[in-house]
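This report covers the interface between two chains, the salt bridges, and a few selected residues. The sequence and structure come before the text.

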Amino acid sequence: MSAPLKMLIVDDSNVIRRKIDRGHDRSLFTVVGSANNGADAVAKFKELDPDVVTMDITMPNMDGIECIGRLMEIKPQAKILVISALSDKATGIEALERGAQGFLCKPFDDEKLSNALKELVENSHV
Amino acid sequence: MSEETLQVFINGVLNYFQHTSDKDVKVGSPYLIENTKPASFDFTGIIGVSGPYRGTVYFTAPKALMTHLLLSIGEDDISVDHILDLVGEVANTISGNARSEFGQEFMISVPVVIEGSPNHIHLPKELRSYVIPVYWKAYSAAVVICLEH
């Protein structure tokens, strides 16, 4: 059995960060840190070198779309799951084009979160 | 504002609460109010909207509902900070979900959250707002929409 993947949680809501922290499958992921905006996420990403990132879109100080691009420049093999309330197709496509590999629309429950994260890593080679 | 536009937000409210542990949510018939007296409960999350639609969407709820809502999503820290955080997140989610109908041009701000006085909700005085009453468990809340198109 392989070691849990290192995960960084990015969302401007502390309630949502804590919900993601509680709701993920601990046999698959270890949360190594969290960030409440895109700029902080880039700094934490460089410091913590996570394998997986959950990424909000609407945030102050660099939104999630720009942040995805920055993270991909640093570590293209990282896997990013966008978790956002922005449910239009164009935003989803833009996130995927920047380098995200999955999209989970808010609101979500623990089952949807677990399934989305599991699908993210099963469809990749992290 | 058209009935279809209001329905988008009604769907957003229903979708939000159906993802909590207590899924039984109802919405009342929307009604119009003057912006000189904004509707509000104890906590309010406000989203600014720009693009073809311009204005404000906000979710407002009493402390008891917000406390119960925190618990229902598994959060055991029911501090005021978390209540303010969640009331903003509810407003953000309902507004963000509306982009499935209105598209990417329905641009939304990060939430502004307030506790207490409705005087802090700045709405154009010449416009009126639609109030969508929300009934969840024993509590009442509201989504208020003031949009120009």
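A residue counts as buried when its relative accessible area is under 20%, as exposed when that area is over 50%, and as partly exposed in between. The model discussed here is predicted. By the cut-off for burial, both R99(B) and D88(A) are buried. These two residues form a salt bridge in which the closest N and O atoms are 2.9 Å apart. The bridge crosses between chains, running from helix α4 of chain B, where R99(B) lies, to the loop between β4 and α4 of chain A, which holds D88(A).

**The interface**

In the contact between the chains, 25 residues of chain B meet 25 residues of chain A. Together the two chains bury about 1,900 Å², and carbon and sulfur atoms account for 51% of that area. On the chain B side, the most area is lost to chain A by H19(B), E89(B) and Q104(B), which together make up 28% of what that side buries.

Polar contacts across the interface of chain B and chain A amount to 18 residue pairs, with both residues at pLDDT 80 or more. On the side of chain B that touches chain A, the elements giving two or more residues are α1 (3-17), α3 (80-97) and α4 (99-102) of chain B. Of the elements on this side, α3(B) gives the most, with eight residues. By residue class, the side of chain B that touches chain A comprises seven nonpolar, twelve polar and six charged residues.

**Salt bridges**

Over all chains the structure holds twelve salt bridges, and the count between chain B and chain A is five. The table gives four of the pairs, with the N to O distance for each.

| Pair | Closest N and O atoms |
|---|---|
| K106(A) and E89(B) | 2.8 Å |
| R99(B) and D88(A) | 2.9 Å |
| K44(A) and D40(A) | 3.4 Å |
| K106(A) and D56(A) | 3.5 Å |

K106(A) appears twice in the table, once with E89(B) and once with D56(A). The pair of K106(A) and D56(A), whose side chains meet in a salt bridge, links distant parts of the chain: K106(A) is in the loop between β5 (102-105) and α5 (110-122) of chain A, and D56(A), 50 residues apart from it, is in the loop between β3 (52-55) and α3 of chain A. Both K106(A) and D56(A) are buried. A network of salt bridges links D11(A), D56(A), K106(A) and E89(B).

The bridge between K44(A) and D40(A) lies within a helix: both residues belong to α2 (residues 38-48) of chain A and are four residues apart, about one turn of the helix. An α-helix has 3.6 residues a turn, so residues three or four places apart point the same way. K44(A) counts as partly exposed because its relative accessible area is 23%. D40(A) is also partly exposed, because its relative accessibility is 24%.

**Helix α1 of chain A and R17(A)**

At the start of α1(A), a side-chain oxygen of S13(A) comes to within 3.3 Å of the backbone nitrogen of V15(A). The helix spans residues 14-23, and its buried residues are V15(A), I16(A), R17(A), K19(A), I20(A) and G23(A).

What is the nearest side chain of opposite charge to R17(A)? It is D11(A), 5.8 Å away, and R17(A) is buried yet has no salt bridge. The side chain of R17(A) does make a polar contact of 3.2 Å with the side chain of N14(A). Not counting residues up to four places away in sequence, R17(A) touches I9(A), D11(A), D12(A), S34(A), A35(A) and N36(A).

**T91(A) and A78(A)**

T91(A) lies in helix α4 (residues 89-98) of chain A. T91(A) counts as buried because its relative accessible area is 2%. Its side chain is joined to that of D88(A) by a polar contact of 2.8 Å. Beyond four places in sequence, T91(A) touches I65(A), L86(A), R99(B) and Q104(B).

A78(A) sits in the loop between α3 (64-74) and β4 (79-84) of chain A. A78(A) is classed as buried because its relative accessibility is 0%. Leaving aside neighbours within four places in sequence, A78(A) is in contact with F45(A), P50(A), D51(A), M72(A) and Q101(A). The C-alpha atoms of A78(A) and E111(A) are separated by 23 Å, with the two residues 33 apart along the chain.

Notes: Residues numbered from 1 in each chain as written. Chains lettered and ligands numbered in written order. Predicted model: local features only at pLDDT ≥ 70, side-chain atom pairs only at ≥ 80, totals over all residues. Heavy atoms only, no water. Buried < 20%, exposed > 50% of the residue type's maximum accessible area, 1.4 Å probe, protein only. Polar contact = N/O pair within 3.5 Å; in protein donor to acceptor, adjacent residues only side chain to side chain. Contact = heavy atoms within 4.5 Å. Buried area = accessible area lost by both parts, 1.4 Å probe. Salt bridge = Lys/Arg side-chain N within 4 Å of Asp/Glu carboxyl O. Nonpolar A, V, L, I, M, F, W, Y, C, P; charged D, E, K, R; others polar. Lys, Arg positive; Asp, Glu negative; His and termini not counted.
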